[in-house]
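This report reviews selected backbone geometry and strand pairing. The structure under discussion is shown below.

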Amino acid sequence: MKFLKLFPLVIFSFLVTTYSAMALDDVKPGAVDFSTLNHNSQSFSFGADVLVAASEPEGPISGVKASNGTIWVAINDTTINSGKGILFYKSTNYGDNWSLHPTAIQPSFIADQIKMLKAGDSTYCFFRIGTTIYKFNVGNSSFFTMPQTAVTQFDIVASSTNSLYLYYSNATQVLRTGSIDGGFTWINNGTVSTAILPTLGISATGDTLDVLYRASGGNTTAITRFRYRETGAGVVAFMGSATAVLAAGPTRTQYRSYRCGAVEWIIYTEGDSPNTILYGIQSTDGGNTYGTPQPIAQTSGIDNIWFTAGISPDGSFKGIDLFYMRDSSGTSNDKLLYTYSAVNSSNFNPARVQISDNPAVISTRNYIPSAIELGNSNVGVVFVAQNGGNRNVYWDRFGTPTRIQQNSTLAENFDLKQNYPNPFNPSTTISFSLPKSEFVSLKVFDINGKEVADLVSDKLSVGSYDVKFDAGKLTSGVYFYKLITGEFVNTKKMMLIK
């Protein structure tokens with residue numbers, strides 16, 4: 001009731017507040033060997049939990065990688081700065097360091113939903129309070145109240161043409177609309193179905209949309225899918241017919257679609273606490289037919305819930321990266337876990353890798369983790385975990401800063417050494433020297449000139465450096481690594497033999 005009294009103020013009085021920001025670095029690791037993943041303490045493939053915000057959110061969180069490489073995280077927290085509703089944290093070095101962005105949305109409020117996304121050079125935060133959706137551009141701090149009314153749930157994506165597609169439900173219907181001007185005007189309005197609670201997935205190519213929804217009356221556990229194809233900027237056309245993916249049955253709280261080419265995974269939770277099961281169902285023909293649902297995580301007396309996933313369309317791995325929470329009803333045993341499925345696989349890797357160093361947190365505050373694809377088979381995740389008596393927001397990703405190591409602070413000349421060992425399987429070390437501080441780019445290319453790993457993109461000080469390159473998911477063959485500084489360029493050949 002307290003929030004409802006403040007709601008009119010929230011609608012008409014959103015403001016932007018300024019903070020100071022810190023300078024950040026920019027280091028990006030190479031490709032990941034998915035076949036040898038272990039817990040953080042046993043493998044460099046996962047870094048330690050990196051603190052994003054030293055506070056427990058009061059509502060949802062969401063993150064996205066912008067077109068310039070900056071990672072943005074929106075956190076619904078009214079305690080870090082009094083009178084503010086959504087704070088924005090950013091990292092320009094793939095999550096190794098975070099700073100509070102000099103904008104925040106006020107007054108204090110708790111959002112029901114938050115969704116960050118990028119479209120071209122713009123980065124947006126869409127959020128819903130009650131039955132109204134709002135849009136905020138974190139680049140220019142512009143704020144907009146959306147025209148849609150009586151909204152009970154929404155989802156929004158950006159296509160390869162940088163068009164926005166919004167699907168939302170009221171009490172009885174799922175509706176759709178598109179925008180080609182960043183959400184100021186909306187076109188191609190239509191009704192999807194007499195249904196509720198839509199979730200929206202977009203293909204890795206950015207031109208196919210899959211919307212999942214529930215029936216609006218009676219038993220609402222049945223899940224149906226509609227498929228749309230973008231036919232022009234801001235315009236989508238319905239493809240085929242509605243597909244009843246799951247018949248009415250057990251409770252299904254969370255459900256989402258992920259597509260890479262003709263392969264589509266629908267991930268969903270099923271059952272009630274404390275025995276919630278995480279399921280996946282796959283289609284290999286674009287969603288025309290589906291296989292048998294398979295349990296991804298099923299443990300008696302334990303909930304496997306709050307999943308988040310992303311599609312990795314490039315680099316040495318193509319497929320779906322999946323994170324989920326395992327709630328064992330004991331704080332010290334709660335975990336954030338990872339698994340994956342390649343596009344050519346009919347199931348998920350049976351290994352389950354613990355991401356969180358600190359105990360992950362399940363809460364009625366609905367801060368479901370947020371997966372962020374970083375490119376070149378690299379992915380990160382934002383989540384909430386327990387740290388002693390406190391709950392904080394953390395970040396974790398493939399690769400750690402220790403992949404690049406400075407072994408000397410002295411160097412007389414620019415130099416790029418031959419990797420060692422060479423030939424190698426599956427990892428090798430690349431060494432180079434800098435006689436002065438320079439911005440350094442170190443990348444790996446295949447025999448056709450395609451980039452397969454971006455190992456360093458950073459301003460480094462004088463010295464000699466070692467970089468470990470893991471090629472566990474690459475095929476045998478000849479590869480080239482190229483070092484570029486402001487006044488030095490060198491390329492060398494190496495051989496991967498498996």
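## Positive phi at non-glycine residues

N188 lies in strand 14, which spans residues 187-193. Although N188 is not a glycine, its phi is positive, at about 55 degrees. The model is a predicted one, and the backbone values discussed here should be read in that light. Most residues other than glycine have a negative phi. N188 counts as partly exposed because its relative accessibility is 26%, and partly exposed residues fall between the 20% and 50% cut-offs.

Y94 also has a positive phi without being a glycine, in this case about 60 degrees. Its setting is the loop between strand 5 (86-91) and strand 6. With a relative accessible area of 9%, Y94 is buried, because the cut-off for that class is under 20%.

## Cis peptide bonds

Most peptide bonds are trans. The bond from Q106 to P107, however, is cis, and its omega is near 10 degrees. P107 is placed in the loop between strand 6 (99-106) and strand 7 (113-119).

N422 and P423 are likewise joined by a cis peptide bond, with omega about 0 degrees. P423 is found in the loop that runs between strand 31 (415-416) and strand 32 (427-434).

## The sheet of strands 23 to 26

Four strands make up an open sheet with the order 23-24-25-26, and their pairing is antiparallel. Its edges are strand 23 (303-312) and strand 26 (353-354), each of which pairs on one side only.

At one end of this order, strand 25 (residues 335-342) pairs with strand 26 in the antiparallel sense, over two bridges. In that contact, Y338 has V353 of strand 26 as its bridge partner.

## The sheet of strands 2, 29, 28 and 27

Another open sheet of four strands has the order 2-29-28-27, again with antiparallel pairing. Strand 2 (50-53) and strand 27 (370-375) are the edge strands, and each pairs on one side only. From one strand to the next, the twist averages 35 degrees.

Which strand is joined to strand 2 by three bridges? The partner is strand 29 (residues 390-397), and the two run antiparallel. Within this pairing, L51 stands opposite Y394 in strand 29.

Conventions:
Residues numbered from 1 in each chain as written. Predicted model: local features only at pLDDT ≥ 70, side-chain atom pairs only at ≥ 80, totals over all residues. Heavy atoms only, no water. Buried < 20%, exposed > 50% of the residue type's maximum accessible area, 1.4 Å probe, protein only. Pairing = 2+ DSSP bridges. Axes fitted to C-alpha atoms, helices over the stretch in contact; angles between N-to-C directions.
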